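Subject: Structure for you to look at

Dear colleague,

I am handing over the structure below, and after it you will find what I noted about its charged side chains and one of its helices. Please keep in mind while reading that this is a predicted model.

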Amino acid sequence: MEMKSSIFTATHGVMTTEVGVISGELELRSTCDNDGSLTFAITYVGAEEWYTLPGEGYRLYDPRDHEVVHRILATVLERTS
C-alpha cells in the first residue's frame with residue numbers, strides 16, 4: 001500500500017461523504033493498494049478527523065500511476081475552489 005498527501009486551499013469547498021462541503025486549507029490523502037484500488041480522504045490541515053470523497057470503486061490499471069492521479073486530483077480540487 002502506498003499513500004500520498006498534498007496540502008491545498010479550497011476557497012469554495014470540497015464535497016465529502018460524511019459532512020458535506022468543507023473549505024479552507026485542506027489535506028488530500030490518497031491510498032493505492034497493490035491491486036490498484038484507490039481511496040481518497042480529506043481533512044482540515046492539522047485536524048485528526050478524515051472525510052471520504054464521494055464515489056467508490058476507484059481502480060488503476062497500473063498502481064505506478066498513483067502519483068500522477070493524486071497530483072491531478074489535488075490540482076483539480078484546488079482549481080475548482
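E2, K4, E67 and R71 are linked in a network of salt bridges, and the count for the model as a whole comes to 5 salt bridges. Within the network, K4 pairs with E2, their closest N and O atoms lying 2.7 Å apart, and K4 also meets E67 in a salt bridge at 2.8 Å, N to O. This second pair links distant parts of the chain, since K4 sits in strand 1 and E67 in helix 1, 63 residues apart. E67 in turn forms a salt bridge with R71 (3.3 Å, N to O), and these two residues both lie in helix 1, 4 residues apart, or about one turn of the helix.

As for accessibility, K4 is buried, with a relative accessible area of 17%, whereas E2 is partly exposed at 35%, E67 is partly exposed at 33% and R71 is partly exposed at 46%.

Helix 1 has 14 residues and spans 20 Å from its first C-alpha to its last, close to the 20 Å expected. Its buried residues are H66, H70, A74 and L77; seen down the helix axis, they fall within an arc of 70°, so they line one face of helix 1. The cover over these buried residues includes strand 1, strand 2 and strand 3.

Finally, V68, I72 and V76 form a nonpolar patch on the surface, with about 240 Å² of accessible area together, and I72 has its place in helix 1.

Best wishes

Note on methods
Residues numbered from 1 in each chain as written. Predicted model: local features only at pLDDT ≥ 70, side-chain atom pairs only at ≥ 80, totals over all residues. Heavy atoms only, no water. Patch = residues over 30% accessible without salt bridge, like charges linked within 9 Å, V, L, I, M, F, W, Y side chains within 5 Å. Areas by Shrake-Rupley, 256 points an atom, 1.4 Å probe, with all protein chains shown as cover. Salt bridge = Lys/Arg side-chain N within 4 Å of Asp/Glu carboxyl O. Expected span 1.5 Å × (residues − 1). Buried < 20%, exposed > 50% of the residue type's maximum accessible area, 1.4 Å probe, protein only. Arc of directions from axis to C-beta. Contact = heavy atoms within 4.5 Å.
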